[in-house]
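Reader: I should be grateful for a close look at a single strand and its surroundings. Please set out the residues, the pairing and the neighbouring contacts in one connected account.

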Amino acid sequence: MSDSGAPEAARVLVGVSGSLGSLTALCRAADEARRRGAELWPVLAWEPPGGELAARRTPASYVLLDEWRRLARRNLLTALDDAFGDTGPGVPMRALVARGTAGRALVESADRESDLLVVGAGRRSGWHRLCSCSVSRYCLAHAVCPVLAVPPSPLEAELTTAHRRNLWRLRLDTRRLAEAAEKTTAPDA
């Protein structure tokens, strides 16, 4: 490391997985980076299928590591394209693909006190909190920098409801859609 005396650039790191919640967090992180005059660091964490222990047990996994890393890079580029399209985030960006669990990779990447770590807060139901490890809770507990937990988009709840209705083959109540459409249409001039 060089002691050039130059101040390190401010960074806003954000966890990216490609989910709707992570895309919401990515857009919020880009807004925060613009507001702070900081670099945006999208981070996609990946692990070999079955986890690190399974990868160590299987000799074939060493052959596949480059392919899994390539797929992770492609997933990150796809998420960035979904969030920003051709215009980009409007701030300097340095994308990072990190091997490891999401929480640990994010905390290790956001290793400066001046960083801001942005994560999606995930689902809020008690069942999901009980059954899954929360990346946002891990980051809140272990990060050395401030952490911004972005709540899920209201659209995510609507999509979940629509998927559930499709799964159970329930009819769609179009009255609510018609009322919403009437509110958004401009009155005739």
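Author: The account below follows strand β1 and then turns to the cysteines. The model is a predicted one.

Strand β1 comprises residues 11-15, and five of its five residues are buried. The side chains divide between two directions: R11, L13 and G15 point one way, whereas V12 and V14 point the other way. Burial holds for both groups.

On one side of the pairing scheme stands β2, residues 39-46, which is joined to β1 in the parallel sense over five bridges. Within this pairing, V14 has P42 of β2 as its bridge partner. The connection between the two strands involves helix α1, residues 20-36, and β1, α1 and β2 together form a right-handed β-α-β unit.

Strand β1 also pairs with β4, residues 116-120; these two strands run parallel and are joined by three bridges. Here V14 lies opposite V118 of β4. V14 thus takes part in the pairing with β2 through P42 and faces V118 in β4.

At residue 11, a side-chain contact can be added: the charged end of R11 sits over the ring of W41, at 4.5 Å from the ring centre. As for pairs between aromatic rings, the count is zero.

Turning to the cysteines, the count of disulfides is likewise zero. A disulfide requires two cysteine sulfur atoms within 2.5 Å. The cysteine sulfur closest to that of C139 belongs to C145 and is 8.6 Å away, so the distance is too great for a bond. C139 is buried, because its relative accessibility is 0%. C27, by contrast, is partly exposed, because its relative accessibility is 32%.

Technical notes:
Residues are numbered from 1 along each chain as its sequence is written. This is a predicted model: local features need pLDDT of at least 70, side-chain atom pairs count only at pLDDT 80 or more; totals for chains, interfaces and linings use all residues. Side-chain values use heavy atoms; hydrogens and water are left out. Buried means under 20% relative accessible area, exposed over 50%, partly exposed in between (1.4 Å probe, protein chains only). Rings of Phe, Tyr and Trp (its six-membered ring) pair if their centres lie within 6.5 Å; planes under 30 degrees apart count as stacked, over 60 as edge-to-face and the rest as tilted. A charge sits over a ring if NZ of Lys or CZ of Arg is within 6 Å of the ring centre and within 35 degrees of the ring normal. Helices (H or I, at least four residues) and strands (E, at least two) are DSSP runs, numbered from the N terminus. Two strands pair if DSSP finds at least two bridges between them. A crossover is right-handed if, with the strands pointing away from the viewer, the path from the first strand over the helix to the second runs clockwise.
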